[in-house]
Amino acid sequence: MAIRNIREIGDEVLNKTCKEVTEMTPRIRDLIQDMLETMYEANGVGLAAPQVGILKRIVVIDCTGDDPHILINPCIVETSGEQVGQEGCLSVPGKSGQVTRPAYVKCVALNEKMKPIELEGTELLARAICHELDHLDGHLYVEKVEGELQTVQMGEFEEIDD
Ligand code: NI
């Protein structure tokens with residue numbers, strides 16, 4: 001396992017569309033472990049494969065520090081409501097901005113065993129699912145910020161709530 005280098009805004013890999021994963025391989029298993037390690041090391045609550053330079057539809061999310069979700073080829077299938085909150089991204093260090101997201105999100109994906117799973121979230125988890133899935137289509141939250149992007153004193157983080 002290894003900590004991978006997190007790509008930052010301006011790196012064109014962050015603006016590309018990722019490809020679906022068709023089979024689990026030792027290489028992808030290593031990538032997922034490295035993504036988890038890299039996310040925890042950076043105190044993020046989520047990380048998408050393009051953030052470490054890999055154009056595959058893989059996301060890891062952990063909003064509590066002990067509840068990792070591994071989402072392969074994830075798709076949002078249901079949303080409801082709205083939440084407005086501050087969001088940040090490990091690829092946009094030292095910044096945050098206000099983004100409106102659904103209050104509730106349901107997504108389907110494959111897990112690390114390539115078995116179908118469903119993940120439902122509200123609050124930070126709903127926000128993280130939307131934010132991370134956007135990365136897979138080459139989108140950063142800064143495109144959705146309402147008002148000014150803020151400079152924050154904190155170190156790197158992925159998402160923060162109100
Ligand atoms: Ni991000």
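**Entry 1: the sheet**

I began at Ser96, which stands opposite Gln150 in β8. The model I am reading is a predicted one. I looked up how β5 and β8 pair, and found the antiparallel sense over 3 bridges. On β4 I checked Val84, which stands opposite Thr100 in β5. β4 and β5 run antiparallel and are joined by 5 bridges.

I then put the strands together. The open sheet has 3 strands in the order β4-β5-β8, with antiparallel pairing. Its edge strands are β4 and β8, each of which pairs on one side only. I noted the turn of neighbouring strands against each other, which is 25° on average, direction ignored.

I asked which strands of the sheet α2 touches. I found that α2 packs on the sheet through contacts with β4 and β5, and that its direction makes about 65° with that of β4.

I also looked at how well β8 is covered. β8 is hardly covered, and the count of buried residues among its 6 residues is 0.

**Entry 2: helix α2**

I turned to the cover of α2 and found that 13 of its 14 residues are buried, so I put the helix down as mostly covered.

I checked its length next. The 14 residues of α2 should span 20 Å at 1.5 Å a residue, and the end C-alpha atoms are 21 Å apart, which agrees. After the helix comes Gly138, whose phi is positive, near 80°.

**Entry 3: salt bridges**

I counted the salt bridges, and the structure holds 9. I followed three of the pairs.

Asp34 forms a salt bridge with Arg4, with the closest N and O atoms 2.8 Å apart. This pair links distant parts of the chain, since Asp34 is in helix α1 (residues 26-41) and Arg4 is in the segment before α1, 30 residues apart. I asked whether Asp34 is buried or exposed. Asp34 has a relative accessible area of 7%, and the limit for buried is under 20%, so Asp34 is buried. Arg4, with a relative accessible area of 26%, is partly exposed.

Arg101 forms a salt bridge with Glu87, and here the closest N and O atoms are 2.6 Å apart. Arg101 belongs to strand β5 (residues 95-101) and Glu87 to strand β4 (residues 83-87), and the pair links distant parts of the chain, 14 residues apart. Both ends are covered: Arg101 is buried, and so is Glu87.

The third pair is Asp134 and Lys144, whose side chains meet in a salt bridge at 2.7 Å, N to O. Asp134 lies in helix α2 (residues 123-136) and Lys144 in the loop between α2 and β8 (146-151), so the pair ties together parts that are 10 residues apart in sequence. Asp134 counts as buried because its relative accessibility is 15%. Lys144 counts as partly exposed because its relative accessibility is 36%.

I then looked for links between pairs. Glu87, Arg101, Arg127, Asp134 and Lys144 are linked in a network of salt bridges.

**Entry 4: the nonpolar cores**

I asked which residues of the largest nonpolar core touch the most other members. They are Ile32, Met35, Leu47, Ile58, Val60 and Ile72, out of 19 residues in this core. α1, β2 (58-61) and β3 (69-80) each supply at least two residues of the core. The largest share, 6 residues, comes from α1.

I opened the contacts of Leu47. Not counting residues up to four places away in sequence, Leu47 touches Ile6, Met35, Thr38, Met39, Val52, Ile58, Val59, Val60, Leu90 and Glu132. A second, separate core has 18 residues, including Val105, Cys107, Leu125 and Ile129.

I set one general point beside these entries: in soluble globular proteins, nonpolar side chains tend to be buried together.

**Entry 5: Ile72**

I took Ile72 last, and found it in strand β3. Ile72 counts as buried because its relative accessibility is 0%. Leaving aside neighbours within four places in sequence, Ile72 is in contact with Val21, Met24, Ile32, Arg57, Ile58, Ala109, Leu110, Asn111, Glu112 and Met114. For Asn111 I also looked up the C-alpha separation from Ile72, which is 6.0 Å, with the two residues 39 residues apart along the chain.

Terms used. Residues are numbered from 1 along each chain as its sequence is written. This is a predicted model: local features need pLDDT of at least 70, side-chain atom pairs count only at pLDDT 80 or more; totals for chains, interfaces and linings use all residues. Side-chain values use heavy atoms; hydrogens and water are left out. A salt bridge is a side-chain nitrogen of Lys or Arg within 4 Å of a carboxyl oxygen of Asp or Glu. Helices (H or I, at least four residues) and strands (E, at least two) are DSSP runs, numbered from the N terminus. Buried means under 20% relative accessible area, exposed over 50%, partly exposed in between (1.4 Å probe, protein chains only). The expected span of a helix is 1.5 Å times one less than its number of residues. Two strands pair if DSSP finds at least two bridges between them. Axes are lines fitted to C-alpha atoms, for helices over the stretch in contact, and angles run from 0 to 180 degrees between N-to-C directions. Contact means heavy atoms within 4.5 Å. A nonpolar core is a set of buried Ala, Val, Leu, Ile, Met, Phe, Trp, Tyr and Cys residues joined through side-chain atoms within 4.5 Å.
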